[in-house]
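Student: Before I accept the labels attached to this model, I would like to hear the reasoning behind each of them. Could we take them one at a time?

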Amino acid sequence: MSVDPPLKLTNSEISAAFANPGDADVFPPILTIEEAAALLQVPVETLRDWRSRGLLKGCSRRKGKRVRFFRDRLIQWYFNE
């Protein structure tokens with residue numbers, strides 16, 4: 001099984017992906033775990049697993065019971081790692 005090499009998206013490429021106001025309405029800069037899972041098209045439990053293993057450092061933050069994800073950093077992590 002082969003693994004694709006990282007895409008190495010730039011910040012401007014990520015910003016351009018959400019330049020349409022309608023896209024930013026669906027996926028705002030700060031995401032809930034459900035929105036983040038929908039953006040990456042993975043189950044919520046996958047995000048919880050990745051986060052518990054420390055894979056999403058710098059992409060998410062817990063405040064009380066809530067976890068929020070920074071959209072652009074999440075995309076950068078997902079495609080560039």
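Student: How many helices and strands are in the protein, and in what pattern do they follow each other?

Tutor: In this predicted model, the protein has five helices and three strands, and along the sequence they follow the pattern α-α-β-α-α-β-β-α.

Student: What makes the protein as compact as a globular protein of that length?

Tutor: The radius of gyration is 13 Å, whereas the globule rule gives 12 Å for 81 residues; the two values are close, so the protein is as compact as a globular protein of that length. The C-alpha trace spans about 35 × 30 × 20 Å along its principal axes, and buried residues make up 28% of the 81 residues.

Student: Why are β1 and β2 said to stand at the edges of the sheet?

Tutor: The open sheet has three strands in the order β1-β3-β2, with antiparallel pairing. In that arrangement β1 (30-31) and β2 (60-63) each have a single partner strand, so one side of each is left without a neighbour in the sheet.

Student: How do you know that β2 and β3 count as a pair?

Tutor: Pairing requires at least two bridges between the strands, and four bridges join β2 to β3 (residues 66-70), so the requirement is met, and the two run antiparallel. Within β3, Arg 66 is the bridge partner of Lys 63.

Student: Which residues of α5 are buried, and what covers them?

Tutor: Arg 71, Asp 72, Leu 74, Ile 75, Trp 77 and Asn 80 are buried in α5, and what covers the buried residues of this helix includes α1 (11-17), α2 (21-26), β1, α3 (33-40), α4 (44-52) and β3.

Student: Why are Arg 71 and Asp 72 called buried?

Tutor: The label buried is kept for a relative accessible area under 20%. Arg 71 has 8%, so Arg 71 is buried; Asp 72 has 19%, which is also under 20%, so Asp 72 is buried too.

Student: What makes the contact between Asp 72 and Arg 71 a salt bridge?

Tutor: The criterion is a side-chain nitrogen of Lys or Arg within 4 Å of a carboxyl oxygen of Asp or Glu. For Asp 72 and Arg 71 the N to O distance is 2.8 Å, so the pair qualifies. Three salt bridges are found in a search of the whole structure.

Student: How do you know that Arg 48 and Glu 45 form a salt bridge, and where do they lie in α4?

Tutor: Their side chains meet at 2.7 Å, N to O, and this is within 4 Å, so they form a salt bridge. In helix α4 they are three residues apart, which means that about one helical turn separates them. Glu 45, at 52% relative accessibility, is over 50% and therefore exposed, whereas Arg 48, at 40%, is partly exposed.

Student: Why does Asp 49 count as partly exposed but Arg 53 as exposed?

Tutor: Asp 49 has 35% relative accessibility, which lies between 20% and 50%, so Asp 49 is partly exposed; Arg 53 has 51%, which is over 50%, so Arg 53 is exposed. These two residues form a salt bridge, with the closest N and O atoms 3.2 Å apart.

Student: What makes Tyr 78 accessible enough for a nonpolar surface patch?

Tutor: A patch residue needs over 30% relative accessible area, and Tyr 78, which is in helix α5 (residues 71-80), has 33%, so Tyr 78 passes that cut-off. Leu 7, Tyr 78 and Phe 79 make the patch, of about 270 Å².

Methods. Residues are numbered from 1 along each chain as its sequence is written. This is a predicted model: local features need pLDDT of at least 70, side-chain atom pairs count only at pLDDT 80 or more; totals for chains, interfaces and linings use all residues. Side-chain values use heavy atoms; hydrogens and water are left out. Patches are made of residues with over 30% relative accessible area and no salt bridge: like charges are joined within 9 Å, nonpolar side chains (Val, Leu, Ile, Met, Phe, Trp, Tyr) within 5 Å. Accessible areas come from the Shrake-Rupley method with a 1.4 Å probe; for residues, only the protein chains shown count as cover. Buried means under 20% relative accessible area, exposed over 50%, partly exposed in between (1.4 Å probe, protein chains only). The radius of gyration is taken over C-alpha atoms; the globule rule is 2.2 Å times the number of residues to the power 0.38. Contact means heavy atoms within 4.5 Å.
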